[in-house]
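User: Got a new model up on screen and I'd like to talk it through. Can you take me around?

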Amino acid sequence: MSDSSHPPRTDISLSRVFWRVYRRDLTLAMRSVGQWLNTLFFFVIVVSLFPLGIGPGPQTLATIAPGIIWVSALLSMMLSLDSLFAHDFNDGTLEQLVISGQPLSVIVIAKVLAHWSTGGLPLVLLSPLLALVMQMPSSAYGVLVISLAIGTLSLSFIGAIGAALIVSVNQGGVLLSLLVLPLTVPVLIFGSGAVSSSSMGLPISTQISVLAAVLALAVSLAPLAIAAALRVGVSVGR
Amino acid sequence: MYRVAGILSPLLAGACVLSLLIGLYLGLVVAPADYEQGDSYRIIFIHVPAAWMSMFVYMVMAISSAVFLIWRLKIADVVAVASAPIGAAFTAVALLTGSFWGKPMWGTWWIWDARLTSELVLLFLYLGYIALRGAMETQQGAARAAAILAVVGVVNIPIIHFSVEWWNTLHQPASITKFDKPSMHISMLRPLLIMVFAFQTLYFFNLMVRVRTLILEREARSSWVAALAGERTNG
(Lines give C-alpha, C1' and ligand atoms only; values in the text may rest on other atoms or scores of the structure.)
Protein backbone atom coordinates (compact mmCIF):
# COMPACT_ATOMS: atom_id res chain seq x y z
CA MET A 1 0.00 0.00 0.00
CA SER A 2 1.42 3.34 -0.94
CA ASP A 3 0.50 6.55 0.76
CA SER A 4 1.04 10.00 -0.57
CA SER A 5 3.03 11.20 2.42
CA HIS A 6 5.75 8.63 1.80
CA PRO A 7 9.14 10.33 2.11
CA PRO A 8 11.16 10.70 -1.08
CA ARG A 9 13.75 8.16 -2.11
CA THR A 10 16.55 8.02 0.41
CA ASP A 11 18.50 5.03 -0.81
CA ILE A 12 21.28 6.94 -2.58
CA SER A 13 24.57 6.92 -0.76
CA LEU A 14 25.72 10.03 1.06
CA SER A 15 28.82 10.41 -1.06
CA ARG A 16 26.70 10.49 -4.21
CA VAL A 17 24.47 13.17 -2.71
CA PHE A 18 27.55 15.10 -1.81
CA TRP A 19 29.18 14.88 -5.22
CA ARG A 20 25.99 15.65 -7.11
CA VAL A 21 25.34 18.82 -5.15
CA TYR A 22 28.99 19.81 -5.39
CA ARG A 23 29.14 19.29 -9.17
CA ARG A 24 25.82 21.03 -9.71
CA ASP A 25 26.94 24.13 -7.83
CA LEU A 26 30.30 24.11 -9.56
CA THR A 27 28.66 23.82 -12.98
CA LEU A 28 26.34 26.68 -12.18
CA ALA A 29 29.24 28.81 -11.04
CA MET A 30 31.25 27.98 -14.16
CA ARG A 31 28.38 29.05 -16.38
CA SER A 32 28.27 32.48 -14.80
CA VAL A 33 31.95 33.23 -14.99
CA GLY A 34 31.37 36.92 -14.32
CA GLN A 35 30.15 36.14 -10.83
CA TRP A 36 33.36 34.74 -9.46
CA LEU A 37 35.64 36.80 -11.67
CA ASN A 38 34.07 39.86 -10.08
CA THR A 39 35.07 38.60 -6.67
CA LEU A 40 38.60 38.14 -7.90
CA PHE A 41 38.76 41.62 -9.42
CA PHE A 42 37.36 43.08 -6.23
CA PHE A 43 40.16 41.39 -4.29
CA VAL A 44 42.83 42.78 -6.60
CA ILE A 45 41.33 46.27 -6.63
CA VAL A 46 40.96 46.53 -2.87
CA VAL A 47 44.56 45.45 -2.34
CA SER A 48 45.84 47.90 -4.93
CA LEU A 49 43.91 50.77 -3.38
CA PHE A 50 46.05 50.62 -0.25
CA PRO A 51 49.35 51.73 -1.81
CA LEU A 52 47.41 54.60 -3.39
CA GLY A 53 46.00 55.64 -0.05
CA ILE A 54 49.04 55.05 2.12
CA GLY A 55 51.91 55.82 -0.21
CA PRO A 56 54.22 53.62 -2.26
CA GLY A 57 57.08 53.29 0.26
CA PRO A 58 58.26 49.66 -0.05
CA GLN A 59 59.12 49.44 3.64
CA THR A 60 55.66 50.48 4.81
CA LEU A 61 53.92 48.29 2.26
CA ALA A 62 55.91 45.23 3.23
CA THR A 63 54.96 45.70 6.90
CA ILE A 64 51.25 46.05 6.31
CA ALA A 65 50.96 43.72 3.30
CA PRO A 66 49.93 40.56 5.23
CA GLY A 67 47.12 42.39 6.97
CA ILE A 68 45.93 44.10 3.81
CA ILE A 69 45.88 40.96 1.72
CA TRP A 70 44.09 39.10 4.49
CA VAL A 71 41.47 41.77 5.11
CA SER A 72 40.86 42.13 1.38
CA ALA A 73 40.42 38.36 1.04
CA LEU A 74 37.96 38.45 3.95
CA LEU A 75 35.92 41.23 2.32
CA SER A 76 35.91 39.47 -1.04
CA MET A 77 34.61 36.33 0.63
CA MET A 78 31.81 38.35 2.24
CA LEU A 79 30.89 39.72 -1.16
CA SER A 80 30.51 36.31 -2.76
CA LEU A 81 28.79 34.76 0.26
CA ASP A 82 25.82 37.00 -0.27
CA SER A 83 24.65 34.90 -3.20
CA LEU A 84 25.58 31.50 -1.75
CA PHE A 85 22.02 30.44 -0.96
CA ALA A 86 20.09 33.35 -2.45
CA HIS A 87 19.61 31.96 -5.98
CA ASP A 88 18.63 28.52 -4.76
CA PHE A 89 16.24 30.09 -2.33
CA ASN A 90 14.60 32.26 -4.95
CA ASP A 91 13.99 29.51 -7.50
CA GLY A 92 12.85 26.95 -4.95
CA THR A 93 15.83 24.61 -5.24
CA LEU A 94 16.64 25.13 -1.60
CA GLU A 95 13.21 24.01 -0.54
CA GLN A 96 13.58 20.85 -2.60
CA LEU A 97 16.95 20.17 -1.00
CA VAL A 98 15.51 20.65 2.48
CA ILE A 99 12.64 18.22 1.89
CA SER A 100 14.73 15.76 -0.13
CA GLY A 101 15.10 13.47 2.86
CA GLN A 102 18.88 13.61 2.62
CA PRO A 103 20.83 14.97 5.56
CA LEU A 104 20.88 18.69 5.01
CA SER A 105 24.26 19.17 6.65
CA VAL A 106 25.93 16.96 4.01
CA ILE A 107 24.28 18.97 1.25
CA VAL A 108 25.40 22.12 2.99
CA ILE A 109 29.01 20.95 3.18
CA ALA A 110 28.95 20.27 -0.55
CA LYS A 111 27.53 23.71 -1.28
CA VAL A 112 30.05 25.45 0.94
CA LEU A 113 32.94 23.57 -0.65
CA ALA A 114 31.66 24.50 -4.09
CA HIS A 115 31.50 28.11 -2.96
CA TRP A 116 35.05 27.93 -1.72
CA SER A 117 36.26 26.36 -4.97
CA THR A 118 35.00 29.34 -6.95
CA GLY A 119 35.11 32.16 -4.39
CA GLY A 120 38.05 31.22 -2.18
CA LEU A 121 40.51 29.13 -4.14
CA PRO A 122 41.07 31.73 -6.91
CA LEU A 123 41.96 34.28 -4.22
CA VAL A 124 44.46 31.86 -2.75
CA LEU A 125 46.05 31.19 -6.12
CA LEU A 126 46.27 34.86 -6.98
CA SER A 127 47.67 35.95 -3.63
CA PRO A 128 51.41 35.46 -4.43
CA LEU A 129 51.05 37.94 -7.27
CA LEU A 130 49.59 40.50 -4.91
CA ALA A 131 52.27 39.72 -2.36
CA LEU A 132 54.80 40.49 -5.06
CA VAL A 133 53.37 43.91 -5.85
CA MET A 134 53.06 44.63 -2.13
CA GLN A 135 56.82 44.08 -1.74
CA MET A 136 56.53 41.12 0.58
CA PRO A 137 59.68 38.98 0.96
CA SER A 138 59.40 35.95 -1.30
CA SER A 139 60.10 33.61 1.61
CA ALA A 140 56.62 34.39 2.94
CA TYR A 141 54.71 33.45 -0.22
CA GLY A 142 54.32 29.82 0.75
CA VAL A 143 52.94 30.67 4.17
CA LEU A 144 50.59 33.23 2.64
CA VAL A 145 49.15 30.61 0.31
CA ILE A 146 48.83 27.96 3.02
CA SER A 147 47.29 30.30 5.58
CA LEU A 148 44.85 31.70 3.02
CA ALA A 149 43.91 28.22 1.85
CA ILE A 150 43.05 27.05 5.36
CA GLY A 151 41.62 30.39 6.41
CA THR A 152 39.35 31.07 3.46
CA LEU A 153 37.86 27.61 3.80
CA SER A 154 37.00 28.38 7.43
CA LEU A 155 35.61 31.73 6.31
CA SER A 156 33.37 29.95 3.80
CA PHE A 157 31.94 27.79 6.56
CA ILE A 158 31.55 30.59 9.11
CA GLY A 159 30.18 32.98 6.53
CA ALA A 160 27.70 30.43 5.26
CA ILE A 161 26.03 30.52 8.68
CA GLY A 162 25.34 34.20 8.14
CA ALA A 163 24.28 33.67 4.54
CA ALA A 164 21.83 31.00 5.68
CA LEU A 165 20.43 33.20 8.45
CA ILE A 166 19.62 36.07 6.10
CA VAL A 167 18.37 33.91 3.24
CA SER A 168 14.80 35.11 3.65
CA VAL A 169 15.76 38.75 4.17
CA ASN A 170 15.60 41.21 1.30
CA GLN A 171 18.82 43.12 0.67
CA GLY A 172 20.70 41.31 3.39
CA GLY A 173 24.20 42.13 2.14
CA VAL A 174 25.24 44.64 4.78
CA LEU A 175 23.50 42.64 7.47
CA LEU A 176 25.53 39.61 6.43
CA SER A 177 28.77 41.47 7.06
CA LEU A 178 27.52 42.74 10.40
CA LEU A 179 26.66 39.21 11.51
CA VAL A 180 29.68 37.41 10.18
CA LEU A 181 32.63 39.76 10.51
CA PRO A 182 32.84 39.60 14.34
CA LEU A 183 32.92 35.83 14.11
CA THR A 184 35.85 35.90 11.71
CA VAL A 185 38.18 37.71 14.10
CA PRO A 186 40.17 34.59 15.09
CA VAL A 187 40.77 33.54 11.49
CA LEU A 188 42.00 37.01 10.59
CA ILE A 189 44.29 37.25 13.60
CA PHE A 190 45.98 33.92 13.07
CA GLY A 191 46.02 34.11 9.30
CA SER A 192 47.70 37.46 9.00
CA GLY A 193 49.74 36.68 12.11
CA ALA A 194 51.24 33.65 10.42
CA VAL A 195 52.20 35.65 7.34
CA SER A 196 53.67 38.52 9.36
CA SER A 197 55.75 36.14 11.46
CA SER A 198 57.08 34.34 8.44
CA SER A 199 58.13 37.55 6.70
CA MET A 200 60.03 38.41 9.87
CA GLY A 201 61.60 34.96 9.81
CA LEU A 202 59.83 33.71 12.93
CA PRO A 203 58.37 30.21 13.37
CA ILE A 204 54.76 29.90 12.28
CA SER A 205 53.68 26.43 13.33
CA THR A 206 51.51 27.75 16.21
CA GLN A 207 49.44 30.01 13.98
CA ILE A 208 49.00 27.40 11.31
CA SER A 209 47.97 24.82 13.92
CA VAL A 210 45.39 27.18 15.39
CA LEU A 211 44.07 28.02 11.93
CA ALA A 212 43.72 24.33 11.23
CA ALA A 213 41.97 23.84 14.57
CA VAL A 214 39.50 26.62 13.76
CA LEU A 215 38.91 24.96 10.40
CA ALA A 216 38.26 21.59 12.07
CA LEU A 217 35.75 23.23 14.42
CA ALA A 218 34.10 25.11 11.58
CA VAL A 219 33.77 22.04 9.37
CA SER A 220 32.29 19.97 12.15
CA LEU A 221 29.93 22.48 13.80
CA ALA A 222 29.03 25.08 11.18
CA PRO A 223 27.05 22.72 8.89
CA LEU A 224 24.64 22.01 11.74
CA ALA A 225 24.03 25.70 12.31
CA ILE A 226 23.77 26.36 8.56
CA ALA A 227 21.25 23.55 8.11
CA ALA A 228 19.16 24.79 11.05
CA ALA A 229 19.23 28.33 9.69
CA LEU A 230 18.23 27.18 6.19
CA ARG A 231 15.29 25.27 7.62
CA VAL A 232 14.14 28.45 9.33
CA GLY A 233 14.58 30.45 6.12
CA VAL A 234 12.67 27.95 4.00
CA SER A 235 9.84 27.61 6.51
CA VAL A 236 9.45 31.39 6.71
CA GLY A 237 9.59 32.08 2.98
CA ARG A 238 9.73 35.61 1.76
CA MET B 1 4.91 34.75 33.81
CA TYR B 2 3.32 38.15 33.24
CA ARG B 3 2.03 38.20 36.79
CA VAL B 4 5.29 36.89 38.24
CA ALA B 5 7.19 39.59 36.42
CA GLY B 6 4.75 42.15 37.71
CA ILE B 7 5.31 41.07 41.30
CA LEU B 8 9.07 40.79 40.93
CA SER B 9 9.80 44.07 39.22
CA PRO B 10 9.01 46.45 42.12
CA LEU B 11 10.96 44.20 44.50
CA LEU B 12 13.93 44.20 42.14
CA ALA B 13 13.69 47.92 41.61
CA GLY B 14 13.73 48.46 45.37
CA ALA B 15 16.70 46.18 45.89
CA CYS B 16 18.49 47.86 43.01
CA VAL B 17 18.01 51.41 44.27
CA LEU B 18 18.95 50.41 47.80
CA SER B 19 22.14 48.60 46.83
CA LEU B 20 23.04 51.32 44.37
CA LEU B 21 22.81 53.92 47.13
CA ILE B 22 24.81 51.83 49.60
CA GLY B 23 27.35 50.79 46.97
CA LEU B 24 27.88 54.29 45.67
CA TYR B 25 28.18 55.71 49.17
CA LEU B 26 30.70 53.11 50.26
CA GLY B 27 32.55 53.34 46.98
CA LEU B 28 32.70 57.08 46.53
CA VAL B 29 32.79 58.33 50.10
CA VAL B 30 33.94 55.64 52.50
CA ALA B 31 36.52 53.73 50.47
CA PRO B 32 40.00 55.27 50.64
CA ALA B 33 41.75 56.65 47.59
CA ASP B 34 44.11 54.28 45.84
CA TYR B 35 47.77 54.90 46.63
CA GLU B 36 48.72 54.74 42.96
CA GLN B 37 45.68 55.93 41.07
CA GLY B 38 44.21 58.43 43.47
CA ASP B 39 40.50 58.98 43.14
CA SER B 40 40.16 58.12 39.50
CA TYR B 41 40.12 54.41 40.29
CA ARG B 42 36.61 54.89 41.69
CA ILE B 43 35.13 54.42 38.24
CA ILE B 44 35.83 50.73 38.87
CA PHE B 45 32.53 50.62 40.78
CA ILE B 46 30.67 51.23 37.53
CA HIS B 47 33.11 49.78 35.05
CA VAL B 48 33.69 46.32 36.46
CA PRO B 49 30.03 45.51 37.22
CA ALA B 50 29.04 46.70 33.73
CA ALA B 51 31.71 44.56 32.11
CA TRP B 52 30.69 41.50 34.13
CA MET B 53 27.05 42.08 33.29
CA SER B 54 27.82 42.43 29.58
CA MET B 55 29.06 38.83 29.61
CA PHE B 56 26.45 37.56 32.03
CA VAL B 57 23.61 38.95 29.91
CA TYR B 58 25.04 37.36 26.79
CA MET B 59 25.11 34.03 28.60
CA VAL B 60 21.48 34.50 29.64
CA MET B 61 20.61 35.36 26.07
CA ALA B 62 22.44 32.39 24.62
CA ILE B 63 21.06 29.91 27.14
CA SER B 64 17.50 31.07 26.70
CA SER B 65 18.01 30.99 22.92
CA ALA B 66 19.17 27.39 23.19
CA VAL B 67 16.17 26.57 25.38
CA PHE B 68 13.93 28.17 22.79
CA LEU B 69 15.50 26.21 19.94
CA ILE B 70 15.27 22.89 21.76
CA TRP B 71 11.94 23.09 23.58
CA ARG B 72 10.26 25.87 21.60
CA LEU B 73 9.36 27.71 24.81
CA LYS B 74 8.04 31.08 23.75
CA ILE B 75 8.96 32.71 27.04
CA ALA B 76 12.65 31.79 26.51
CA ASP B 77 12.59 33.76 23.30
CA VAL B 78 10.97 36.70 25.04
CA VAL B 79 13.77 36.66 27.63
CA ALA B 80 16.41 36.59 24.91
CA VAL B 81 14.88 39.48 22.97
CA ALA B 82 14.40 41.52 26.09
CA SER B 83 18.01 40.91 27.17
CA ALA B 84 19.73 41.94 23.96
CA PRO B 85 19.42 45.75 24.19
CA ILE B 86 20.14 45.70 27.93
CA GLY B 87 23.27 43.66 27.32
CA ALA B 88 24.34 45.95 24.52
CA ALA B 89 23.87 48.91 26.85
CA PHE B 90 26.00 47.31 29.57
CA THR B 91 28.70 46.58 27.00
CA ALA B 92 28.63 50.16 25.77
CA VAL B 93 28.81 51.46 29.35
CA ALA B 94 31.76 49.18 30.08
CA LEU B 95 33.58 50.42 26.98
CA LEU B 96 32.82 54.08 27.69
CA THR B 97 33.76 54.04 31.36
CA GLY B 98 36.80 52.01 30.42
CA SER B 99 38.00 54.72 28.12
CA PHE B 100 37.27 57.42 30.73
CA TRP B 101 39.44 55.41 33.06
CA GLY B 102 42.06 54.79 30.42
CA LYS B 103 42.60 58.47 29.71
CA PRO B 104 44.10 59.41 33.10
CA MET B 105 45.70 56.02 33.72
CA TRP B 106 47.20 54.99 30.41
CA GLY B 107 47.15 58.43 28.83
CA THR B 108 44.91 57.37 25.98
CA TRP B 109 41.23 56.84 25.34
CA TRP B 110 41.68 53.58 23.56
CA ILE B 111 44.26 50.85 23.43
CA TRP B 112 44.04 47.69 21.38
CA ASP B 113 44.24 45.67 24.51
CA ALA B 114 42.94 42.13 24.51
CA ARG B 115 40.07 42.80 26.88
CA LEU B 116 39.01 45.99 25.16
CA THR B 117 39.03 44.31 21.80
CA SER B 118 37.00 41.32 22.88
CA GLU B 119 34.52 43.60 24.61
CA LEU B 120 34.19 45.53 21.35
CA VAL B 121 33.58 42.31 19.44
CA LEU B 122 30.95 41.41 22.03
CA LEU B 123 29.20 44.71 21.32
CA PHE B 124 29.21 43.85 17.60
CA LEU B 125 27.68 40.47 18.38
CA TYR B 126 24.87 42.15 20.32
CA LEU B 127 24.29 44.62 17.50
CA GLY B 128 24.26 41.83 14.93
CA TYR B 129 21.67 39.98 16.97
CA ILE B 130 19.44 43.04 17.24
CA ALA B 131 19.90 43.84 13.54
CA LEU B 132 18.99 40.32 12.45
CA ARG B 133 15.97 40.47 14.68
CA GLY B 134 14.88 43.71 13.08
CA ALA B 135 15.46 42.55 9.52
CA MET B 136 13.27 39.46 9.60
CA GLU B 137 9.66 40.17 8.89
CA THR B 138 7.90 37.31 10.60
CA GLN B 139 8.06 36.93 14.35
CA GLN B 140 8.57 33.17 14.28
CA GLY B 141 11.39 33.18 11.75
CA ALA B 142 13.17 36.08 13.42
CA ALA B 143 13.03 34.30 16.75
CA ARG B 144 14.58 31.08 15.49
CA ALA B 145 17.18 32.72 13.27
CA ALA B 146 18.30 35.07 16.03
CA ALA B 147 18.44 32.17 18.47
CA ILE B 148 20.77 30.26 16.15
CA LEU B 149 22.96 33.35 15.89
CA ALA B 150 23.13 33.73 19.66
CA VAL B 151 24.18 30.11 20.10
CA VAL B 152 26.80 30.37 17.34
CA GLY B 153 28.08 33.50 19.05
CA VAL B 154 28.49 31.85 22.39
CA VAL B 155 30.53 29.03 20.87
CA ASN B 156 32.73 31.67 19.30
CA ILE B 157 33.25 33.96 22.28
CA PRO B 158 35.94 31.86 23.99
CA ILE B 159 37.76 31.39 20.69
CA ILE B 160 37.63 35.10 19.96
CA HIS B 161 38.76 35.96 23.45
CA PHE B 162 41.65 33.53 23.34
CA SER B 163 42.82 34.63 19.91
CA VAL B 164 42.62 38.30 20.75
CA GLU B 165 44.66 37.70 23.88
CA TRP B 166 47.26 35.83 21.88
CA TRP B 167 47.35 38.51 19.21
CA ASN B 168 47.86 41.20 21.80
CA THR B 169 50.79 39.53 23.52
CA LEU B 170 52.38 39.15 20.13
CA HIS B 171 52.12 42.83 19.29
CA GLN B 172 52.88 44.59 22.53
CA PRO B 173 54.06 43.81 25.99
CA ALA B 174 51.25 43.59 28.48
CA SER B 175 52.97 45.81 31.05
CA ILE B 176 51.49 49.14 29.94
CA THR B 177 47.96 48.00 29.43
CA LYS B 178 47.15 45.56 32.17
CA PHE B 179 45.78 47.19 35.23
CA ASP B 180 47.54 45.07 37.74
CA LYS B 181 45.37 44.76 40.80
CA PRO B 182 47.09 44.12 44.04
CA SER B 183 44.75 41.92 46.06
CA MET B 184 42.01 44.35 46.75
CA HIS B 185 41.44 45.84 50.14
CA ILE B 186 38.16 44.94 51.79
CA SER B 187 37.05 48.58 51.90
CA MET B 188 37.17 48.62 48.10
CA LEU B 189 35.97 45.08 47.55
CA ARG B 190 32.80 45.50 49.60
CA PRO B 191 31.35 48.40 47.59
CA LEU B 192 32.39 46.65 44.38
CA LEU B 193 30.44 43.54 45.27
CA ILE B 194 27.44 45.61 46.34
CA MET B 195 27.58 47.42 43.02
CA VAL B 196 27.70 44.09 41.20
CA PHE B 197 24.57 43.09 43.07
CA ALA B 198 22.98 46.44 42.17
CA PHE B 199 23.74 45.91 38.49
CA GLN B 200 22.35 42.40 38.65
CA THR B 201 19.07 43.64 40.10
CA LEU B 202 19.07 46.51 37.63
CA TYR B 203 19.31 44.00 34.80
CA PHE B 204 16.59 41.75 36.16
CA PHE B 205 14.36 44.73 36.85
CA ASN B 206 14.74 45.96 33.27
CA LEU B 207 14.29 42.43 32.02
CA MET B 208 11.01 42.03 33.91
CA VAL B 209 9.64 45.32 32.62
CA ARG B 210 10.60 44.50 29.05
CA VAL B 211 9.30 40.95 29.33
CA ARG B 212 5.94 42.26 30.53
CA THR B 213 5.71 44.70 27.64
CA LEU B 214 6.71 42.08 25.11
CA ILE B 215 4.20 39.58 26.43
CA LEU B 216 1.44 42.17 26.24
CA GLU B 217 2.51 43.08 22.73
CA ARG B 218 2.57 39.51 21.51
CA GLU B 219 -0.61 38.43 23.24
CA ALA B 220 -2.44 41.62 22.34
CA ARG B 221 -5.25 39.63 20.78
CA SER B 222 -5.75 37.12 23.55
CA SER B 223 -8.74 37.36 25.85
CA TRP B 224 -6.80 37.85 29.08
CA VAL B 225 -5.03 40.91 27.75
CA ALA B 226 -8.33 42.32 26.55
CA ALA B 227 -9.80 41.67 29.99
CA LEU B 228 -6.82 43.38 31.61
CA ALA B 229 -7.15 46.39 29.36
CA GLY B 230 -10.86 46.54 30.12
CA GLU B 231 -10.16 46.47 33.85
CA ARG B 232 -7.72 49.35 33.54
CA THR B 233 -9.98 51.58 31.50
CA ASN B 234 -13.06 50.92 33.60
CA GLY B 235 -11.50 50.90 37.03
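Analyst: Sure. One term before we start: two residues are in contact if their C-beta atoms, placed from the backbone, lie within 7 Å. And keep in mind that this is a predicted model.

User: OK, so with that in hand, what share of the contacts in chain B with a separation of 6 or more comes from residues 24 or more positions apart?

Analyst: In chain B that share is 79%. For chain A, residues 24 or more positions apart account for 82% of the contacts with a separation of 6 or more.

User: What's the secondary structure of chain B?

Analyst: Seven helices and zero strands. From the N terminus the order is α-α-α-α-α-α-α.

User: And how many helices and strands in chain A?

Analyst: Chain A has 11 helices, again with zero strands. Its elements run α-α-α-α-α-α-α-α-α-α-α from the N terminus on.

User: How much of each chain is buried? Start with chain A.

Analyst: Buried residues are 47% of the 238 in chain A. In chain B, 40% of the 235 residues count as buried.

User: What about the radius of gyration of chain A?

Analyst: Chain A comes out at 19 Å, which agrees with the value near 18 Å for a compact globule of 238 residues. Along the principal axes, the C-alpha atoms of chain A fill a box of roughly 75 × 35 × 30 Å.

User: Let's switch to where the chains meet. How many residues does each give to the contact?

Analyst: Chain B puts in 25 residues and chain A puts in 22 residues. On the side of chain B that touches chain A, the elements giving two or more residues are α4 (114–135) and α5 (139–171) of chain B.

User: Which one gives the largest share there?

Analyst: That's α5(B), with 15 residues. By class, the side of chain B that touches chain A has 18 nonpolar residues, six polar and one charged.

User: Now the helix packing inside chain B. How do α3(B) and α4(B) cross?

Analyst: Helix α3 (residues 74–106) of chain B crosses α4(B) at roughly 150 degrees, and the axes come within 9 Å. Angles over 145 degrees count as roughly antiparallel, so α3(B) is roughly antiparallel to α4(B). The crossing of these two, α3(B) and α4(B), is left-handed.

User: Which residues do the touching?

Analyst: From α3(B) they include B:Val81, B:Ala84, B:Pro85 and B:Gly87, and from α4(B) they include B:Leu116, B:Glu119, B:Tyr126 and B:Arg133. The contact of α3(B) with α4(B) splits into 15 nonpolar, three polar and two charged residues.

User: Does α3(B) have another partner worth a look, or what is its angle with α6(B)?

Analyst: α3(B) packs with helix α6 (residues 186–218) of chain B at about 130 degrees, their axes 9 Å apart. These two, α3(B) and α6(B), are therefore oblique to each other. The crossing of α3(B) and α6(B) is right-handed.

User: And which residues meet there?

Analyst: On the α3(B) side they include B:Val78, B:Val79 and B:Val81, and they meet residues of α6(B) including B:Tyr203, B:Asn206 and B:Arg210. This contact of α3(B) with α6(B) has 10 nonpolar, two polar and one charged residues. Notice that B:Val81 is listed in the contact with α4(B) and also in the contact with α6(B).

User: Back to chain A. At what angle do α3(A) and α8(A) pack?

Analyst: Helix α3 (residues 58–81) and helix α8 (residues 141–165) of chain A pack at about 35 degrees with axes 10 Å apart. Their crossing, α3(A) with α8(A), is right-handed. Among the residues making the contact are A:Ile69, A:Ala73 and A:Met77 of α3(A), and A:Leu144, A:Leu148 and A:Gly159 of α8(A). By class there are 11 nonpolar, four polar and no charged residues in the contact of α3(A) with α8(A).

User: Last topic: backbone oddities. What's the phi of A:Gln135?

Analyst: Near 65 degrees, so a positive value in a residue that isn't glycine. Most residues other than glycine have a negative phi. A:Gln135 sits in the loop between α7 (121–133) and α8 of chain A. With 16 other C-beta atoms within 10 Å, A:Gln135 is partly exposed.

User: And where is B:Arg72?

Analyst: B:Arg72 is in the loop between α2 (44–71) and α3 of chain B. Its phi is positive too, about 55 degrees. B:Arg72 counts as exposed because it has 11 C-beta neighbours inside 10 Å, and the cut-off for exposed is 12 or fewer.

Definitions and conventions. Residues are numbered from 1 along each chain as its sequence is written. Chains are lettered from A and ligands numbered from 1 in the order in which they are written. This is a predicted model: local features need pLDDT of at least 70, side-chain atom pairs count only at pLDDT 80 or more; totals for chains, interfaces and linings use all residues. Helices (H or I, at least four residues) and strands (E, at least two) are DSSP runs, numbered from the N terminus. Ala, Val, Leu, Ile, Met, Phe, Trp, Tyr, Cys and Pro count as nonpolar, Asp, Glu, Lys and Arg as charged, and the others, Gly among them, as polar. Axes are lines fitted to C-alpha atoms, for helices over the stretch in contact, and angles run from 0 to 180 degrees between N-to-C directions. A crossing is left-handed if the near helix is turned anticlockwise from the far one by less than a right angle, and right-handed if clockwise. The radius of gyration is taken over C-alpha atoms; the globule rule is 2.2 Å times the number of residues to the power 0.38. A residue is buried if 20 or more other C-beta atoms lie within 10 Å of its own, exposed if 12 or fewer, and partly exposed in between; C-beta atoms are placed from the backbone. Angles under 35 degrees count as roughly parallel, over 145 as roughly antiparallel, 65 to 115 as roughly perpendicular and the rest as oblique.
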